[in-house]
Amino acid sequence: MGPQDEARVIVAARVRPMSEQEDARGEQGTMYCPDQRHLLVCHGGREKAFSFDVVLGPQSSQQDVFEECGIKKLIDMAIVGFSCTVFAFGQTGSGKTYTITGPHSRFLGSSQEPQMYGLMQRSVSYLLDQTQSMDGDVSLSASYLEIYNEQVWDLLTPWLTSSLSVRGNQTHGFYVENLSTVEFGSLEDFMKLLEAGLRSRRTSSQAQNEHSSRSHSILTVSIGAKAANGDEGTATMGKLCLVDLAGSERLRGPSSSEDLLEEAANINRSLLSLGKCISALVDPKKKSGHIPYRDSKLTKLLSDSLGGAGITLMIACVSPATANLQETLNTLRYSSRAKRIKNRPIAKQVLHEKLVVGLQGEIRLLRRENMLLRQHLSSVEESARRSSVPVAVRYGSSDPLGKVETDHLAEGSSCSSACLKDLLQEVMQENRKLQVEKGALLNHIQSSKQQGALLSLEKAQLLHKLDELQSVCCMCRVISGTAHATCCCSGPSLCGQVARCSLQCLHHQLPMAVISPLHRRRALVALPPLRALQAVACGEKYPAQTEIQSEPPSQSAGLHGRRSSGTESRGHVQHFPALRDSRALWGQPVEPQSCRSPIEVLPSAPPISALSKGATTR
Ligand code: ADP
Ligand code: MG
């Protein structure tokens, strides 16, 4: 089956026999099977016909179901890597559990009766037979879960107190996280794990069924197969899922407890979302659109089986009794619709094997390409060798073959030998000229390359410098005296009182003002990390690493700072790799760096004594 092939969901219908209670009530049968594909239901005096892939009447045995529904074929597909699902649905008491696992009494300590085995045991038995005769490694493992009240529980680890999560991704689709898997190699091993799981299932007594399953259960048998000869593409991971759905139940009357009502509501909700998915899948308008798999855990986990990459068999279980007619009709309608669902089955190769197979294919292609290229190259060489002969002749080769060619040329043309000689000389001259030109060009290229290298070195240095300029935040000490700031202060400042010192980013022409309380004798000025770290204090330019000292009060108000002789002195100039660090020093909140926000350093600056530890005091 190729990846493009579509496979319709196979739908079978199984009618169970009348139960003893139904017989005792004198219930009448409502349906009969004229052949193996049709089912006629008597309804309101009329007969309604349904057709299915297989119809199994009340007399059909468990083995008939296994043989006639094509389950062997499904298992064969699972062995080669496909995901195959069999699920039974129908109202409570219609025979779903009986069909999938066998009668409930079978698991309550009564003697084992292989003829009562359901599809689970029969499928695993067939699977073991098939895989035991296979060459290579085969590993079989099983997981078993139930969905109860929209929670997933691991039936093989019933002691766990928390439910499991359903996750989904592109590669694996939906899966249950941390679900345990148990390896088995014989039917006995499998029976043990199945019985343990079945004992953990939640059941309760319902009107239609004494041991009604109140949860949906999914048994997944994983089949890992690897061929002995290590052929490419032979490592596969197939799956066989057997799903026993909880039946829809109409809970009537006040006798129904709150728990039962909640159970029923959850069962009905998930069955409803299953119905919605089926409707969406068969609706030609919605087919390529949204399928509401995410509506319930059940539909998430069945998404591969419904419209996905799996192969699916649905078994519609119905009761023949008149009392169940309405539910029976619903089930049959529902399953008739499901027949129109189409899947696109894809066999699953183990991922790394897939990769190896892909790479092997690629190597093969490359080898072939290599060979073709070699052939091509040798043919080119051959033709070059042949074509080099006349050239040699033109340059006066003494090759006898060349002589023949020369003679031939001389014969064939009207030129005299003198003429040819001239021509030869001309060509040789031209050749020399071209060689000189080529040499000059090569030199030029060489020097351009060197120049380019120098330029890129210079550029790197400049970029480095620029980087430094952009990242370095410089802090200068303004040594206070009594500064008068003509351009920034209004009026003369008083000695020992406040003076203002304005710093300006030259590059952006924006003020980065610093107010200096001069009574502290020293103030710190921080420049934000800007491209032009040159500052202007009161109209005078200051490079970033400058100690600015105010003038004594006696001096004129024209000059308000002077450059310190110690501009190199690190004791006065502090560098910070970023504004953030300088701000941290001031205990100010760090703001995004921007030359548009003037730095108000001093109003919130700590006293200079705290900052000037180790600095020179004037
Ligand atoms: P469901 O799982 O649909 O609720 P069960 O499988 O538990 O229903 O079946 C309900 C009752 O009917 C059980 O007692 C079961 O043994 C009986 N039953 C169901 N199908 C058959 C059948 N094909 N032959 C005989 N008894 C059946
Ligand atoms: Mg059941």
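In this predicted model, G81 lies just after helix α3 and adopts a positive phi of about 110°. The helix itself spans residues 71-79, of which I71, L74, I75, M77, A78 and I79 are buried. These buried residues pack against two helices, α2 (62-68) and α5 (119-132), and against strands β7, β15, β16 and β17 (311-318).

The packing of α3 on α5 was examined further. The axes of the two helices, α3 and α5, come within 10 Å and cross at roughly 50°. An angle that is neither under 35 degrees nor over 145, and is outside 65 to 115, counts as oblique; α3 and α5 are therefore oblique to each other. The crossing of α3 and α5 is right-handed. On the α3 side, the contact is made by I71, K72, I75, D76 and I79, and on the α5 side by L119, S123, Y126, L127, Q130 and T131. Six nonpolar, three polar and two charged residues make up this contact of α3 with α5. I71, I75 and I79, which take part in the contact with α5, are among the buried residues of α3.

Strand β16, one of the elements packed against by the buried residues of α3, covers residues 236-244, and seven of its nine residues are buried. Strand β16 pairs with β7 (residues 83-89) in the parallel sense, over six bridges, and F87 has V243 of β16 as its bridge partner. Strand β15 (residues 216-226) runs antiparallel to β16 and is joined to it by nine bridges. Here, T220 has C241 of β16 as its bridge partner.

Note on methods. Residues are numbered from 1 along each chain as its sequence is written. Chains are lettered from A and ligands numbered from 1 in the order in which they are written. This is a predicted model: local features need pLDDT of at least 70, side-chain atom pairs count only at pLDDT 80 or more; totals for chains, interfaces and linings use all residues. Side-chain values use heavy atoms; hydrogens and water are left out. Buried means under 20% relative accessible area, exposed over 50%, partly exposed in between (1.4 Å probe, protein chains only). Helices (H or I, at least four residues) and strands (E, at least two) are DSSP runs, numbered from the N terminus. Two strands pair if DSSP finds at least two bridges between them. Contact means heavy atoms within 4.5 Å. Axes are lines fitted to C-alpha atoms, for helices over the stretch in contact, and angles run from 0 to 180 degrees between N-to-C directions. A crossing is left-handed if the near helix is turned anticlockwise from the far one by less than a right angle, and right-handed if clockwise. Ala, Val, Leu, Ile, Met, Phe, Trp, Tyr, Cys and Pro count as nonpolar, Asp, Glu, Lys and Arg as charged, and the others, Gly among them, as polar.
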